[in-house]
Amino acid sequence: MERGNNFDILCTLENGEDYYYRGLLSNSLNNHQQCTGIETMYRQSLPINKKTQSAIELIAKVIYPLEKVKREKYYDAAITIILHIDGCSKNYISKNTKNRSIQRVESTLKKGGRVFSKALILTQCYSHYIAYLEDTVSPKETWNDFLIKYRAFYGSYDNNFTYGANSKVEYQYLYESIINAGTDKCKSGDSFTGLAQDWAKVRPVLHLVLGIMSQFEKSVPHIYKLIKEPTWLEPSLKRSQYFLAEIIDSEKVKISDNRRKLNLSSDEMLFIDIESNPIFLRKSNIFS
């Protein structure tokens with residue numbers, strides 16, 4: 001997924017800016033609904049290194065930020081498939097995982113991959129929309145317009161992986177069907193309600209996805225490569241903290257109606273601290 005153009009000063013922070021953003025986060029963390037460390041699901045007994053397991057955990061949080069059971073199921077499925085690929089015995093795998101069939105494991109990973117892909121698409125959409133607002137004197141296109149454009153484009157992209165086999169739809173048809181049905185619902189399966197729901201699921205982890213995207217020049221690699229080569233993990237988490245701080249900072253001033261319709265609230269966003277360089281330990285067991 002190609003990243004957007006609006007990555008601000010966050011990729012080249014000076015020390016003063018670093019302290020400023022860290023201070024913002026430290027002062028606001030008690031407002032967050034979720035505050036955690038990244039290594040809460042780590043299984044020390046497995047022959048899978050800590051960084052790889054942490055990468056799986058972060059991806060699982062992006063996919064299912066508010067659904068603990070699904071998040072744990074995805075984590076276990078990813079562990080299972082790695083153990084299979086690495087040649088571990090069936091007996092070992094059955095003792096160290098939930099011992100689901102490989103078909104069910106693959107189904108879980110495929111569903112999760114689609115959700116992750118949607119998160120990348122919507123985050124790219126957000127980034128481009130913010131850039132559009134900043135570069136346009138009198139913006140005429142709304143956030144809903146951008147959502148519809150991206151949904152129409154990616155409905156026929158990458159062999160329809162993200163939205164399913166029957167998801168191809170022309171932009172004009174989608175736009176007109178939504179307008180004719182009202183802003184909140186549409187008779188067809190391509191409803192704006194569905195787009196809004198997808199965006200609502202991404203909002204709590206928007207900064208995490210921006211952090212991941214910031215580590216790659218052109219496109220985010222396949223999930224399996226992200227897991228097996230997790231050098232991106234800590235820098236992406238650090239960057240995500242600054243994206244979150246920027247959102248907190250922006251809430252101090254009056255924002256335009258165009259931005260308000262994004263319905264972003266820093267309080268609902270998941271804060272993940274880094275064990276090696278923590279910002280603020282709100283809870284003693286944050287990394288356990």
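# Close-up views of a predicted model

**View 1. Asn-49 sits in the loop between S1 and H2.** This is a predicted model. Asn-49 is partly exposed, with a relative accessible area of 46%. Along the chain, Asn-49 and Lys-228 are 179 residues apart. In space, their C-alpha atoms are 9.7 Å apart. Lys-228 appears again in View 5 with a salt-bridge partner, Asp-86.

**View 2. The whole protein chain has 12 helices and two strands.** How do the elements run from the N terminus on? The order is α-β-α-α-α-α-α-α-α-α-α-α-α-β. Of the 288 residues, 48% count as buried. The chain exposes about 14800 Å². Carbon and sulfur atoms supply 47% of that area. Take the contacts between residues at least 6 apart in sequence: 70% of them join residues at least 24 apart. The structure also holds six salt bridges. Three of them follow in the next views, starting with the pair Arg-43 and Asp-76.

**View 3. Arg-43 and Asp-76 form a salt bridge.** Their closest N and O atoms are 3.2 Å apart. Arg-43 lies in the loop between strand S1 (35-37) and helix H2 (50-63), and Asp-76 lies in helix H3 (residues 68-85), so the pair ties together parts that are 33 residues apart in sequence. Which partner is buried? Asp-76 is, with a relative accessible area of 1%. Arg-43 is partly exposed, at 23%. The loop that holds Arg-43 is also the place of Asn-49 from View 1.

**View 4. Glu-57 and Lys-61 meet in a salt bridge within helix H2.** The N to O distance between their side chains is 3.8 Å. The two residues are four apart, about one turn of the helix. Are Glu-57 and Lys-61 buried or exposed? Both are buried.

**View 5. Lys-228 and Asp-86 form a salt bridge.** The closest N and O atoms are 3.8 Å apart. The pair links distant parts of the chain, 142 residues apart. Lys-228 belongs to helix H10 (residues 223-228). Asp-86 belongs to the loop between H3 and H4. Lys-228 counts as partly exposed, at 35% relative accessibility. Asp-86 is partly exposed too, with a relative accessible area of 42%.

**View 6. Thr-80 is placed in helix H3.** Asp-76 of View 3 lies in helix H3 as well. At 2% relative accessibility, Thr-80 counts as buried. Which residues does Thr-80 touch, leaving aside those up to four places away in sequence? They are Ile-93, Thr-97 and Val-105.

**View 7. A patch of positive charge gathers on the surface.** Which residues make up the patch? They are Lys-73, Lys-98, Arg-104 and Lys-111. Lys-98 is placed in the loop between helix H4 (90-96) and helix H5 (102-135). Its relative accessible area is 47%, so Lys-98 is partly exposed.

**View 8. Asn-99 has a positive phi near 55°.** Most residues other than glycine have a negative phi. Asn-99 is not a glycine, yet its phi is positive. Where is Asn-99 found? It is in the loop between H4 and H5. Lys-98, a member of the positive patch, has its place in this loop too.

**View 9. Asn-263 also has a positive phi, of about 60°.** Asn-263 is not a glycine either. It is found in the loop between H12 and S2. At 47% relative accessibility, Asn-263 counts as partly exposed.

**View 10. Asp-267 lies in the loop between helix H12 (257-260) and strand S2 (271-273).** Asn-263 of View 9 is found in this loop as well. Asp-267 counts as partly exposed, at 34% relative accessibility. Along the chain, Asp-267 and Pro-204 are 63 residues apart. How far apart are their C-alpha atoms? The separation is 8.7 Å.

Notes: Residues are numbered from 1 along each chain as its sequence is written. This is a predicted model: local features need pLDDT of at least 70, side-chain atom pairs count only at pLDDT 80 or more; totals for chains, interfaces and linings use all residues. Side-chain values use heavy atoms; hydrogens and water are left out. Patches are made of residues with over 30% relative accessible area and no salt bridge: like charges are joined within 9 Å, nonpolar side chains (Val, Leu, Ile, Met, Phe, Trp, Tyr) within 5 Å. Accessible areas come from the Shrake-Rupley method with a 1.4 Å probe; for residues, only the protein chains shown count as cover. A salt bridge is a side-chain nitrogen of Lys or Arg within 4 Å of a carboxyl oxygen of Asp or Glu. Lys and Arg count as positive and Asp and Glu as negative; His and the chain ends are not counted. The place of a charge is taken as NZ of Lys, CZ of Arg, CG of Asp or CD of Glu. Buried means under 20% relative accessible area, exposed over 50%, partly exposed in between (1.4 Å probe, protein chains only). Contact means heavy atoms within 4.5 Å.
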